[in-house]
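Here are my notes for anyone opening this structure for the first time. Have it on screen while you read, and take the points in order.

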Amino acid sequence: INDEHRVTGILFSNGETWKEMRRFALSTLKDFGMGKRVAEEKILEECGHLIQVFERKPFNTSHPVNYATSNIISSIVFGSRFDYDNLRFRNLVSRVNESISLFGTTGIQVSLMFHLSNFVNNTLGTIRDVEDITQKLKETLNPQICRGLVDCFLIRKQKDEDSCVKDIQFTEENLIFTVMNLFSAGTDTTAATLRWCLLLMAKYPQIQDQVQEELTRVVGSHEVHVEDRKNLPYTDAVIHEIQRLGNIVPMAIPHKTSQYVTFQKYFIKAGTTVIPLLTSVLYDESEWESPHTFNPSHFLDKEGRFIKRDAFLPFSAGRRACIGESLARMEVFLFFTSLLQRFRFMPPPGVSENDLDLTPAVGFTIPPSPHELCAISRQ
Ligand code: HEM
């Protein structure tokens with residue numbers, strides 16, 4: 001990671017590589033419907049699959065939710081989704097998941113070689129999985145039809161090679177790392193947010209009641225669509241508050257200053273590593289009435305209308321801000337509302353709401369600690 005020339009993909013790259021890969025990923029995500037109707041259809045289709053595997057008996061929300069969010073990225077990147085019992089897919093999701101959690105751990109305990117070697121093995125395993133899937137796409141590539149981001153990348157790579165472009169960024173290495181970055185940045189974050197949603201609903205049943213009352217009143221038994229959001233101010237406020245309190249990427253991603261910067265009264269040299277602490281704004285005591293408690297009123301005015309807050313920055317800000325924000329917001333809204341329409345989320349028998357633990361897990365992104373919930377059908 002220290003040698004800038006060897007870092008590829010988007011998340012940890014800089015300079016020309018970062019610029020090209022970010023631009024390419026953003027425009028391709030848009031072409032494949034990010035924030036638009038096409039993505040909505042994909043997400044609603046995936047909701048249908050997720051609903052099938054939720055159970056009345058206590059179950060760990062981690063696997064199904066991770067598979068569902070991963071499938072949204074899969075259909076955009078590879079052009080198809082995977083069945084939840086596909087072994088290769090399950091391995092890919094759990095490797096990506098484990099790498100992110102180990103990345104957080106190794107960051108804190110670099111000396112623990114056990115974690116470091118696990119992290120490296122996981123990453124190598126993920127590279128092999130992604131290489132295998134992209135190899136199959138290469139073998140069936142039709143330059144007239146882009147099934148997903150990988151096809152678009154391969155077509156662009158061929159075009160640049162044919163026209164002898166200097167300093168080609170569309171390389172094999174950049175393909176693998178861009179795909180891995182989208183998987184890791186897009187799956188774990190959205191899944192962690194959704195798991196916080198379900199856990200907090202089980203922990204605060206009165207808030208769950210209010211969300212379900214609003215959903216029944218406004219949407220009834222129809223399928224929820226993005227356009228319903230404006231008529232669901234309470235539900236919208238609850239989702240925002242979950243993202244604020246969940247604070248799932250507390251330290252964003254470390255970056256290096258590219259030039260001399262004056263920030264407040266500090267002088268920062270070029271090349272200094274800067275860690276944007278999102279916690280400092282999401283829990284800012286001068287911005288939020290009760291920063292450490294779950295309080296959807298943070299996003300509601302006196303008449304119960306939804307209000308935007310400037311300090312709501314879970315996707316960070318500036319040139320390195322999250323590129324998946326509109327996709328993630330759409331996913332969280334549609335998954336959350338579709339699930340709450342059908343199920344009541346409760347602690348397992350013998351566990352009270354008070355016993356549900358809100359201590360986050362350790363990692364680069366912070367999902368809830370392992371727990372089980374029951375999904376009781378409302379129909
Ligand atoms: C609730 C879900 C999500 C949250 C909270 C989240 C949050 C973040 C944050 C805090 C950053 C770091 C920004 C910085 O360094 O200042 C980031 C970067 C990034 N995110 Fe997300 N993200 C989410 C979902 C997604 C999705 C679905 C995708 C993929 C489509 C994605 C792709 C990326 C990428 C590629 C970057 C690196 C951008 C760059 O370095 O230029 N994220 N995200």
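1. Start with a yardstick: the expected span of a helix is 1.5 Å times one less than its number of residues. Keep in mind too that this is a predicted model. Helix α11 covers residues 325–342, which makes 18 residues. From first C-alpha to last it reaches 26 Å, close to the 26 Å expected.

2. Is α11 mostly buried or exposed? Buried: 15 of its 18 residues fall in that class, so the helix is largely enclosed by the rest of the structure.

3. Next, try the yardstick on helix α6, residues 149–162. Its 14 residues should span 20 Å, and its end C-alpha atoms are indeed 20 Å apart, which agrees. The buried residues here are L149, V150, D151, C152 and F153. After α6 comes C164, with a positive phi near 45 degrees.

4. Now look around the ligand. There are 26 residues around it, and those that come nearest are G186, T189, S316, C322 and G324. Three elements give two or more residues to this shell: α1 (15–31), α7 (172–203) and α11. The largest share, seven residues, is from α7. By type, the shell splits into 17 nonpolar, seven polar and two charged residues.

5. S316 deserves a second look, since it is on that nearest list. You'll find S316 in the loop between α10 (279–282) and α11. S316 isn't a glycine, yet its phi is positive, about 65 degrees. Most residues other than glycine have a negative phi. S316 counts as partly exposed, because it has 15 C-beta neighbours inside 10 Å, and a residue needs 20 or more to be buried.

6. A252 is another non-glycine with a positive phi, this one about 45 degrees. A252 sits in the loop between α9 (233–246) and β2 (255–256). Unlike a partly exposed residue, A252 is buried, because 21 other C-beta atoms lie within 10 Å, where 20 or more are required.

7. What about the core? In soluble globular proteins, nonpolar side chains tend to be buried together. The largest nonpolar core here has 79 residues, and V77, V179, L194, C197, L198, F335 and F336 touch the most other members. Helix α7 gives the most to this core, with 17 residues. To see one of these hubs up close, pick F335: leaving aside neighbours within four places in sequence, F335 is in contact with I43, C47, L50, A68 and L194.

8. Then there's the sheet. Three strands form an open sheet in the order β1-β7-β6, with antiparallel pairing. Which strands stand at the edges? They are β1 (59–60) and β6 (343–346); each has a single partner strand, so one side of each is left without a neighbour in the sheet.

9. For the pairing itself, β6 and β7 (residues 372–377) are joined over four bridges in the antiparallel sense. One place to check is F345, whose bridge partner in β7 is A375. On the other side, two bridges join β1 to β7, again antiparallel. There, N60 stands opposite E372 in β7.

10. β6 is also a neat example of a general pattern. In a regular strand the side chains alternate between the two faces of the sheet. Along β6, F343 and F345 point to one face and are buried, while R344 and M346 point to the other and are not.

11. One last stop, back in helix α1, where K19 lies. K19 is partly exposed, with 14 other C-beta atoms within 10 Å. If you want a sense of distance, compare K19 with I366: they are 347 residues apart along the chain, and their C-alpha atoms are separated by 28 Å.

Definitions and conventions
Residues are numbered from 1 along each chain as its sequence is written. This is a predicted model: local features need pLDDT of at least 70, side-chain atom pairs count only at pLDDT 80 or more; totals for chains, interfaces and linings use all residues. A residue is buried if 20 or more other C-beta atoms lie within 10 Å of its own, exposed if 12 or fewer, and partly exposed in between; C-beta atoms are placed from the backbone. A residue is near a molecule or strand if its C-beta atom, placed from the backbone, lies within 6 Å of it. Ala, Val, Leu, Ile, Met, Phe, Trp, Tyr, Cys and Pro count as nonpolar, Asp, Glu, Lys and Arg as charged, and the others, Gly among them, as polar. A nonpolar core is a set of buried Ala, Val, Leu, Ile, Met, Phe, Trp, Tyr and Cys residues joined through C-beta atoms within 7 Å. Two residues are in contact if their C-beta atoms, placed from the backbone, lie within 7 Å. Two strands pair if DSSP finds at least two bridges between them.
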